[in-house]
Amino acid sequence: MAAARRAEIGMLVIHSAAEGVARVGAVDSNRVRLDLFDSAAVPIASQIWVDCAGTKRCQLDSQTRVYWQDRVMNHWRAGRIVGGGPDEYFVRPPNAQFDIRVPEVDLRVRWDRPVTDPLEVLLAGAQETPYYRDSRLPVLRDLTAQRSACASVTAFPSSRIQIHAHQINVALKVLSDPVQRYLLADEVGLGKTIEAGFVIRQRFIDDRNAKVCVLAPEALRRQWREELLERFFIDDFPTGRLVVASHDEPDKWARYHDYDLVVVDEAHRLSGSGDHTASPYVELKDLCHSVPRLLLLSATPVLQRESTHLGLLHLLDPNVFSWDRAESFQQRLTVRRDLARAVFALDPLYPYLLPSAIDQVRRLLPADRRFEDLAREVISQLDGDGDLLQGATENDLAAFVAGLRGHVAETYRLHRRVLRNRRETVLKARLDDEGAVAPFDVTGRRPARLVALESAAQVRGRAIVESWQVQVRDHLLNTSAEDTLAYARVLAVMVARLGGPLGDLRDVLIWRVSADTQAKLNAGLTVRELEAIDRAPRLPFEADLVAALRDALDDDGLLEMVERLKPALLARRAVVFAGRGQLATTLATALRETGCRTVGEHTHAVGAEVAEKATLDWREHGGILICDASAEDGRNFQLADLAIHLRLPTNPNELEQRIGRVDRYGGSKPAAQLIFGDRRRTGLSSAWREMLTDGFHIFEQSISALQDTVDQGQDGIWIKALEEGVAGLIDAVPAVAEGLREELKTLTQLDVLEASYDSASPERDLPLALARNEVRVDAGAPLMKLLAGDDGFRFYLRESEVGKVSVQHGSRAPLLGPRLLARLLAAPDVSRTGWTDRWQALKHGGRIFRVGNPLVDAVAEILAMDDRGMASAHWRVDPTWSLDPLAYFGFDFLVETDLAPALAAAQVRGLDSKSELRRRGDRAFGPFHRRIWIPSNETTAEEDVSVLRWLDAPYRANAHDVNLNSERIADLYRLFGGVDSFESSTREVEAIARKELHRVTDLLTRTASSSAVLMEELAVVAAQAAARRLAASLLVDDESAAIDYELGSALVRGIEGPSVRLVAITCLVRSSKPWGAA
């Protein structure tokens, strides 16, 4: 920076209010007017008045692109700084071997905005070698293709994820909405974390200084951090702020009230207490209502518990879903249940029942014209007896019924911003014919096999618990005490510690009898378990049981488990679940003492850091991982080929969480499952195993959708076990199984109204477009060539043996001005290492060089702002050409939705939604590049394929290709009769090219097709909005549909009149002779 000096007219300065280097245009006392330069056509693009004190004279660095007006030729010229300054600089024109001295007062520097018109670069004589064009334009086209494929949701291609349609569509729905407040209610295992990860990454891409808070259960915080770092690369944004806060610390949530986005994982846990005036719901409500963007994640069926669902919807929209109207909300849910059952009855497998089912639905709905139209389509497939008409097919009928069900579900959902994918629908989704989109697979479950334990410790532990159960039952019968539930819960605590060594069971009873703190810690008692133990009055005989356990020798229990586990060492990856207490730690130590070196430990005792390392080693190298309860919530163990349950939790939902660690997303086979326990059917632990296996069927299918029902029935099961013992528990198995089957049917019916349906609109299939873009052979190649090439940025690429690339600042001077170079170097170091191949990134880990990566986005910004490569002119020999030299003009256009109408509509609504509208526009009408060649003596585009191939061939500096630089450009001007005639001809040809673009690309038809699709979707939105306004008994409507309709209508206008922007121009002279000989 030059020394301080009073600002003078013509001085080049910088100021915080100016976008780039400005020129002082006027001075008035202590204020100066700063003029910002765009191009020869717009020499003063903007003027701002600022205080002199904030301006600093700018010393232009080498390679800075500058412009000045040639006073002799009376036209603008361009060049690059090579030395001098600040009063006078040495400037080198393009392709010249000499420098020109130019006073500072005559120089202009482009402001830091994209080049608006490359034509002016050519007319200013600022064109450079076509090598620059050939290195830059392929990258520009590739980046546009990526943007089109992802509809400008650049978090999709830049995240390390498989492309799954349901996840892409959910995130796209959220990110295309100006109001980003959603409840993501996918069933368990479908990837809500992935959907939220897309939204989080996109928030940081849109605003690198954004602040995001994730509220998660304490046990899941580490997994959230890992996922966001390893899949979504949040460290790409060092100036942003990400906090993964705990559910357990509501007193700290107020510090996140000014954040840009809040994500609440397992949100039902915080809103399910039923008391909306108590903590933590009060703190959660204050947080959610203070932020502009909110994602609530919950797999709980949305109609199962009214207070929980109202609590969640109130967080999204307190005006529409008020606690003051809780009674009317419950009444609506009652009506909705009737509607859900009626819609569920719309089954194409029973066509003869469809007319009556449609009538039943109709009676529950307000006047709904679209429902009537869709219902007529269904009935049109049937004859008077309800059979299929001749010519109608079962597939046609199923499609019409699906359309009718989808309309009712989408129109009458409680809130339009509740998105729910069902596991069954996702797993059965039809794949594309090309096989580009990856199928969504889960590992699944296999029935568990029993490994019998017969040690003395096993027998003694079973006898102690059963003795306790009998004596407590007799006590309750003899005293008529009303503590049955309290004692039933204590029984469950003890059964959960049965199996193998007696230490954990002994510690439970010691805590109960003598409140020994160390015993409490050793037994791993939870807050809920401690409450259960404290509420049941202590009985005299329990001290005798403690004494009996103190005297018991249980070494054989541990030794037996070690022996039974040795075959598991043959598995590639085995995970052993030991439950709460010291069993996991004791067993891991014992296995190591036998000489086993592949034992990892994931327990509270070793701590989070050691547990994390053990898990990573297990994933990478295999072995056996011994786990206590610390690993049963939030961990991903789907790589396991063997899962062993040493003890079974006495709450089926906890066992579901445990099994869910191995039954997760992935293409591997289901893990084999083993249960260690009694072979006898006469013990409580074996009866409980039978309940889990034959009552809940938990080892064969997920019960996550039934978690509330399971919790509600839990106490009843253990009361029966306390009162009737083993026989009572076994007798209850059929009733539990039947009850769960009925509840699942009910939930399936209720879910009909809340599950998300694919839109009937034939809009672009974005997941397929993303997948197709990834299978392109040259993906990433143009970018790497630009970064490292002699005619590119001249960076150094270090490639590993497996193909991972690191982009480094090399020894050669980059062909970039300092301000543009600073943008490239501002990309964090971690963002500069990655893969050009997505599949390699998925396999080995690491970033992907796609739009959304800070390095790639910096390249995109540079290509938009640096005019090098935007204009070129060269002479090319065609031996087949027999006429006089003829100039061809190649115009590279970018065609995209014009956002101006939609932005104006959003402004009326007070919405700042440019990014969201760009995504909606790109989804409806994908942006594209097209080059149009116009011979200077014609008024139509060149369409001869062989000629186009010749024109598009890369530039090669030889006798056939010669760059028309500043020393040779006069020959080009002479072909047109001089500079002025060249300029006027070039402008005329550009106008022709714009017209021909419409003809050659059939742009009118393309835009009409895209706008028609969007208009069809808007018609559906309008019909749904009209129906919702009349459906007061079913829902409370808001203005979201009206806003969607207004913005969508404006986007239609922007599609019908798209933006057509020139991004590059080439002038090529076709001649039969080399330059200089013509």
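## A serine in a loop

Ser29 sits in the loop between strand E2 (22-28) and strand E3 (31-36). The model is predicted. In this model, Ser29 has a positive phi of about 60°, although Ser29 is not a glycine. Is Ser29 buried, exposed or partly exposed? Its relative accessible area is 49%, so Ser29 counts as partly exposed. Exposed would need a value over 50%.

Ser152 also has a positive phi, near 65°, and is a residue other than glycine. Ser152 lies in the loop between H2 and H3. Its relative accessible area is 14%, so Ser152 is buried. The cut-off for buried is under 20%.

## The whole chain

Now for the overall picture. The chain has 1078 residues, and buried residues make up 56% of them. Its secondary structure comes to 39 helices and 30 strands. Along its principal axes, the C-alpha trace spans about 115 × 75 × 65 Å.

Which residues account for 76% of the contacts with a separation of 6 or more? Those that are 24 or more positions apart in the chain.

Sequence and space can also be compared for a single pair. Asp551 and Arg681 are 130 residues apart in sequence. Their C-alpha atoms are 27 Å apart in space. Asp551 lies in helix H20 (residues 541-551). At 63% relative accessibility, Asp551 counts as exposed.

## Two cis peptide bonds

Two prolines deserve a look. The peptide bond from Gly85 to Pro86 is cis, with omega near 0°. Pro86 lies in the loop between strand E7 (75-84) and strand E8 (88-92).

The peptide bond from Ser279 to Pro280 is cis too, with omega near 10°. Where is Pro280? Pro280 lies in the loop between helix H7 (268-271) and helix H8 (281-290).

## Nonpolar cores and helix H5

In soluble globular proteins, nonpolar side chains tend to be buried together. The largest nonpolar core here has 73 residues. Phe156, Ile200 and Trp224 have the most contacts inside this core. Which residues does Ile200 touch, not counting those up to four places away in sequence? They are Val212, Val214, Trp224, Leu228, Ile234, Leu261 and Val263. Apart from this core lies another, of 60 residues. Among its members are Ala486, Ala519, Ala523 and Phe699.

Next comes helix H5, residues 192-206. How far should its 15 residues span? At 1.5 Å a residue, the expected span is 21 Å. The rule multiplies 1.5 Å by one less than the number of residues. The end C-alpha atoms of H5 are 21 Å apart, which agrees. Of the 15 residues of H5, 13 are buried, so this helix is largely enclosed by the rest of the structure.

## Helix H28 under cover

Helix H28 (residues 766-774) is mostly covered, with eight of its nine residues buried. The buried ones are Leu766, Pro767, Leu768, Ala769, Leu770, Ala771, Asn773 and Glu774. What do they pack against? Their partners are helix H2 (130-150), helix H3 (155-158), helix H4 (165-175), helix H31 (838-844) and helix H34 (914-924).

At the start of H28, Asp765 makes a link to the backbone. One of its side-chain oxygens reaches to within 3.2 Å of the backbone nitrogen of Leu768.

Glu774 is another residue to find, in helix H28. Its relative accessibility is 6%, so Glu774 counts as buried. Which residues is Glu774 in contact with, leaving aside its neighbours within four places in sequence? The answer is Pro157, Ile163, Arg838, Trp839 and Arg850.

## Two helices that cross

Look at helix H29 (residues 781-788) and helix H32 (residues 854-865). Their axes come within 12 Å and cross at roughly 70°. That angle makes H29 roughly perpendicular to H32. The class covers 65 to 115 degrees.

Which residues make the contact? From H29 come Leu783, Leu786 and Leu787. From H32 come Leu855, Val856, Val859 and Leu863.

Definitions and conventions:
Residues are numbered from 1 along each chain as its sequence is written. This is a predicted model: local features need pLDDT of at least 70, side-chain atom pairs count only at pLDDT 80 or more; totals for chains, interfaces and linings use all residues. Side-chain values use heavy atoms; hydrogens and water are left out. Helices (H or I, at least four residues) and strands (E, at least two) are DSSP runs, numbered from the N terminus. Buried means under 20% relative accessible area, exposed over 50%, partly exposed in between (1.4 Å probe, protein chains only). A nonpolar core is a set of buried Ala, Val, Leu, Ile, Met, Phe, Trp, Tyr and Cys residues joined through side-chain atoms within 4.5 Å. Contact means heavy atoms within 4.5 Å. A polar contact is a pair of N or O atoms within 3.5 Å; within protein, one must be able to donate a hydrogen and the other to accept it, and residues adjacent in sequence count only if both atoms are side-chain atoms. Axes are lines fitted to C-alpha atoms, for helices over the stretch in contact, and angles run from 0 to 180 degrees between N-to-C directions. Angles under 35 degrees count as roughly parallel, over 145 as roughly antiparallel, 65 to 115 as roughly perpendicular and the rest as oblique.
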